[in-house]
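Good morning, and thank you for making time for this item. I should like to take you through the side-chain interactions of one model, beginning with charges and ending with the nonpolar interior.

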Amino acid sequence: MNKKFPRKIHIIGSVGSGKTTLAKELSTTLNIPYYELDNVVWKRQNSGDIRRTEQQKVDYLNNIILTEAWIIEGVHNEDWVAQSFSNADLIIFLDTNYLIRIHRIIKRFTLQKLGLEKSNYKPTLSIFIKMFKWNRHFEEIGKPNFYHIYGMYCDKLLVVTNKSEILKKSISKK
């Protein structure tokens with residue numbers, strides 16, 4: 001990595017890995033806007049979320065990628081996000097321990113139900129159960145898929161188990 005911190009950063013990881021927290025912190029520290037891929041997939045409306053079409057997702061994401069600096073975070077590693085990985089100066093893979101992610105999913109749901117944490121969606125029991133399924137799916141399918149398809153970006157890939165490793169590993173790469 002350069003001595004100057006990258007200006008185009010893609011953060012990937014499972015549900016509960018800490019992607020959004022890290023993106024918010026980096027956004028504040030580096031003064032770079034961050035974008036959640038879930039908000040690229042879904043058009044958020046008071047009356048309920050509407051899923052964007054494949055073309056709408058690609059167009060929305062490309063508009064972000066064309067800007068001079070961004071932090072994009074999400075679990076997605078399908079074809080429609082390929083340009084984000086390609087254009088990123090740094091890809092951070094948050095490979096957080098599976099049990100830690102389960103704990104965070106439970107904690108997040110509880111805080112959201114108590115109104116102590118904001119969410120982009122209505123925290124229903126159905127979503128709560130899906131998060132465990134998505135977490136398992138990412139572990140078994142998403143992670144191997146990411147390495148298979150995007151492993152070619154190993155020169156700009158930083159794999160960490162927690163955010164405190166980022167500075168430590170980025171310094172050791174210099």
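By a salt bridge I mean a side-chain nitrogen of Lys or Arg within 4 Å of a carboxyl oxygen of Asp or Glu. Please bear in mind throughout that this is a predicted model. How many salt bridges does a search of the whole structure find? The search returns 6.

Let me begin with Asp49 and Arg44, whose closest N and O atoms are 2.4 Å apart. Both partners are partly exposed: Asp49 has a relative accessibility of 32%, and Arg44 has a relative accessible area of 29%.

Two further salt bridges belong to helix α6. Glu140 and Arg136 meet at 3.4 Å, N to O; they lie 4 residues apart in that helix, about one turn. Glu140 is partly exposed at 48%, as is Arg136 at 34%. Arg136 has a further role in this account, since its charged end sits over the ring of Tyr98, 4.4 Å from the ring centre.

The other α6 salt bridge joins Lys143 and Glu139 at 3.0 Å, N to O, again with a spacing of 4 residues, about one turn of the helix. Is Lys143 buried or exposed? With a relative accessible area of 15%, Lys143 is buried, because the cut-off for that class is under 20%. Glu139, at 24%, is partly exposed. Salt bridges with shared partners bring Asp95, Arg101, Glu139 and Lys143 together in one network.

Glu36 presents another situation. This residue lies in strand β2, which covers residues 34-36. Glu36 is buried but has no salt bridge; Arg44, the nearest side chain of opposite charge, is 5.7 Å away. Beyond its neighbours within four places in sequence, Glu36 is in contact with Thr20, Glu73 and Asn120.

I turn now to the aromatic residues. Over the whole structure, 10 aromatic pairs are found. One of them is Phe93 with Phe138: the ring centres are 5.9 Å apart and the planes stand at 35 degrees, so the pair is tilted. Phe93 belongs to strand β6 and Phe138 to helix α6, so this pair ties together parts that are 45 residues apart in sequence. Both rings belong to buried residues, with Phe93 at 0% and Phe138 at 3%.

Phe128 and Phe132 form an edge-to-face pair, with centres 5.0 Å apart and planes at 75 degrees. Both are in helix α6, 4 residues apart. Phe128 is buried at 16%, whereas Phe132 is partly exposed at 25%.

Ring pairs also link Phe85, Phe93, Phe138, Phe146, Tyr147, Tyr150 and Tyr153 into a cluster. The ring of Tyr153 has the charged end of Lys156 over it, 4.6 Å from the centre.

Finally, the nonpolar interior. Which residues have the most contacts inside the largest nonpolar core? They are Leu61, Phe85, Ile91 and Phe146, in a core of 20 residues. At least two residues of this core come from each of α2, α3, β5, β6 and α6. Phe85, setting aside its neighbours within four places in sequence, has contacts that include His10, Ile12, Ile91, Phe146, Tyr153 and Lys156. There is also a second, separate core of 14 residues, with Ile11, Ile32, Ile71 and Ile92 among them.

Definitions and conventions
Residues numbered from 1 in each chain as written. Predicted model: local features only at pLDDT ≥ 70, side-chain atom pairs only at ≥ 80, totals over all residues. Heavy atoms only, no water. Core = buried A, V, L, I, M, F, W, Y, C linked by side-chain atoms within 4.5 Å. Buried < 20%, exposed > 50% of the residue type's maximum accessible area, 1.4 Å probe, protein only. Contact = heavy atoms within 4.5 Å. Phe/Tyr/Trp six-rings, centres within 6.5 Å; stacked < 30°, edge-to-face > 60°. Lys NZ or Arg CZ within 6 Å of the ring centre and 35° of its normal. Lys, Arg positive; Asp, Glu negative; His and termini not counted.
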